[in-house]
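Welcome to this short tour of a protein fold. Have a look at the sequence and turn the structure around a little before reading on.

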Amino acid sequence: MPEYHAMRAWELVREAQSGRVSAQALAEHFLRRIERYDQSRGLNAVGELHPQALDEARALEESGRRDLPLFGLPILVKDNIDVAGLHTTAGSPALADNLARRDAPIVANLRRAGAIVLGKTHMTEFANYTALNMPDGYSALAGQVHSAYGAQCDPGGSSTGSAVAVSAGFCAAAIGTDTSFSIVGCATEHGIVGLKPACGALTGAGIVPISHTLDSAGPMARDVASALAVYAAMRGVPASDCTPLPARGLRLAVNRAGEEEVSGAQRQRYAELIEALRCAGAQVCEIEQPGDEPGMETLMQCEFREDLEAYLAGHDGSCKTLSSILQFYEEHPETCLRYGMHYLQAAQRAGRNEARYAQALERRAAARKRVLWALRDVDACLMAGWSGIMHFAGLPSIALPLGMGRDGAPRGMILYGADEMRLFRAALAVEAFAGPVAPPVF
């Protein structure tokens, strides 16, 4: 039996389009792997499986639509994104009865492109907007998600289950969401690629939100080419002819802001990568672009309640307001209040009518203008420190594998840029210079 779970998404699509494997056989392969390893290995990455997944794969095969760009590709979807017939809980017991009537537009686009939705992945509760000290990958509804590289490894968040599912070979690609590092930061912990598009590039309809200003869904896959193919399908557009920039033509900035928060081993990995790129002819410069955490927090706090309630108003779950969710938590303290509900309570008291909200939007606009100017002559910027500026400014970012740590877990890097196409071409170029990542051993 071929190891389909070790193949890249674009390779699986090629196999299915050629008829060397059927869409049904691919779905069966990944569903068996989930059944065999997810709970037995204590990963807890996958939640509700789609009961019609095999029927849909069989119908797709019989349709003969092998020209579809993601024909037969098995995917999993984060549990804050609507999939018709499945529950959308965002990891919260208060939303356990929220059964989606229709697909989120991005999911509908994926289906139209030929992808097969196997089911939903567990996540950090409310995309890590519940409590101050909630562990990455934990939710009161589903418990703790663990890394496929060992329970001692940070599983990242909040798209934890999606990242683990890709690294563990439970799907060819997965969909996550990102407000601030929930895709790209999570991907770096699992040796995979994670893409957060520019804010606004994808619709947020049918997704449990934090902040419409900062949120974006995005793909997670084994390599950049696969992630780009899935991203195009999410948008409902043909995949662009995106080719790697030649290393000699690559212009890379390095953001050193927050470098003191990065380990010496990781700084060394960055240094080796930058030296290899320079030796290949890339032009490298250094910049300082610190984040704007107070502005980020204000936007999330002031937008969360109204955005969440707008989502809930179009769904059939019993909780329709943030106050009803807070009441549910207070009535079920043993289940829901293990880590408290600081962020939920703060958002209940906040709103978009506050002066600080308008000020945060102004700071964001100014930061965006400043960052775009600084990046005008480069293709991408490597985050060598710790800065959330790309999220605050709404810029696209992409995480790539960088190599392995001494603890046996992968390490990654994050690139961001002013322009998606230039960033993607740069990522394809940089990907070739990264160290190898060993798959988890089952």
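How are helix 4 and helix 7 oriented to each other: roughly parallel or roughly perpendicular? Angles of 65 to 115 degrees count as roughly perpendicular, and helix 4 and helix 7 pack at about 115 degrees. Helix 4 and helix 7 are therefore roughly perpendicular to each other. Please keep in mind that this is a predicted model.

**The annotated span**

- The UniProt record, an unreviewed entry, lists residues 26–383 as "domain: Amidase".
- In residues 26–383, helix makes up 38% and strand 14%.
- The C-alpha atoms at the two ends of residues 26–383 are 37 Å apart.

**Helix 4 with helix 7**

- Two packed helices are described by the angle between their axes and the distance between the axes.
- For helix 4 (residues 105–112) and helix 7 (residues 224–235), the axes are 7 Å apart.
- Helix 4 passes helix 7 in a crossing that is right-handed.
- On the helix 4 side, the contact is made by Ile106, Asn109 and Leu110, while helix 7 brings in Val230, Ala233, Met234 and Arg235.
- By class, the residues of this contact between helix 4 and helix 7 are 5 nonpolar, 1 polar and 1 charged.

**Helix 10 and its two partners**

- Helix 9 (residues 293–313) and helix 10 have axes that come within 9 Å and cross at roughly 95 degrees.
- That angle makes helix 9 roughly perpendicular to helix 10.
- Here Phe304, Arg305, Leu308, Glu309 and Leu312 of helix 9 meet Leu322, Ser323 and Ile325 of helix 10.
- The contact of helix 9 with helix 10 has 5 nonpolar, 1 polar and 2 charged residues.
- Helix 10 (residues 322–331) also meets helix 12 (residues 342–349): their axes come within 10 Å and cross at roughly 145 degrees.
- The crossing of helix 10 and helix 12 is left-handed.
- From helix 10, Leu322, Ser323, Leu326 and Tyr329 take part, and they meet Leu344, Gln345, Ala347 and Gln348 of helix 12.
- The contact of helix 10 with helix 12 divides into 5 nonpolar, 3 polar and no charged residues.

**The sheet**

- Strands of a sheet pair through backbone hydrogen bonds, either parallel or antiparallel.
- In this model, 11 strands form an open sheet with mixed pairing, and their order is 1-3-2-6-8-7-12-13-11-9-10.
- Strand 1 (46–49) and strand 10 (283–287) are at the edges with a single partner strand each, so one side of each has no neighbour in the sheet.
- On average, neighbouring strands of this sheet are turned by 30 degrees against each other, with direction ignored.
- Strand 2 (residues 74–78) and strand 3 (residues 116–121) run parallel and are joined by 5 bridges.
- To find one pairing yourself, start at valine 77, whose bridge partner in strand 3 is lysine 120.
- Helix 2 (residues 23–37) lies across strand 1, strand 2 and strand 3, and runs at about 20 degrees to strand 3.

**Two backbone details to look for**

- Most residues other than glycine have a negative phi, and most peptide bonds are trans.
- Asparagine 128 is not a glycine, yet has a positive phi of about 65 degrees.
- You can find asparagine 128 in the loop between strand 3 and strand 4 (138–139).
- From glycine 157 to serine 158, the peptide bond is cis, with omega near 5 degrees.
- Serine 158 belongs to the loop between strand 5 (143–144) and helix 5 (160–167).

Methods
Residues are numbered from 1 along each chain as its sequence is written. This is a predicted model: local features need pLDDT of at least 70, side-chain atom pairs count only at pLDDT 80 or more; totals for chains, interfaces and linings use all residues. Side-chain values use heavy atoms; hydrogens and water are left out. UniProt positions are given in the numbering used here, feature names are shortened, and annotations may be inferred rather than shown by experiment. Helices (H or I, at least four residues) and strands (E, at least two) are DSSP runs, numbered from the N terminus. Axes are lines fitted to C-alpha atoms, for helices over the stretch in contact, and angles run from 0 to 180 degrees between N-to-C directions. Angles under 35 degrees count as roughly parallel, over 145 as roughly antiparallel, 65 to 115 as roughly perpendicular and the rest as oblique. A crossing is left-handed if the near helix is turned anticlockwise from the far one by less than a right angle, and right-handed if clockwise. Contact means heavy atoms within 4.5 Å. Ala, Val, Leu, Ile, Met, Phe, Trp, Tyr, Cys and Pro count as nonpolar, Asp, Glu, Lys and Arg as charged, and the others, Gly among them, as polar. Two strands pair if DSSP finds at least two bridges between them.
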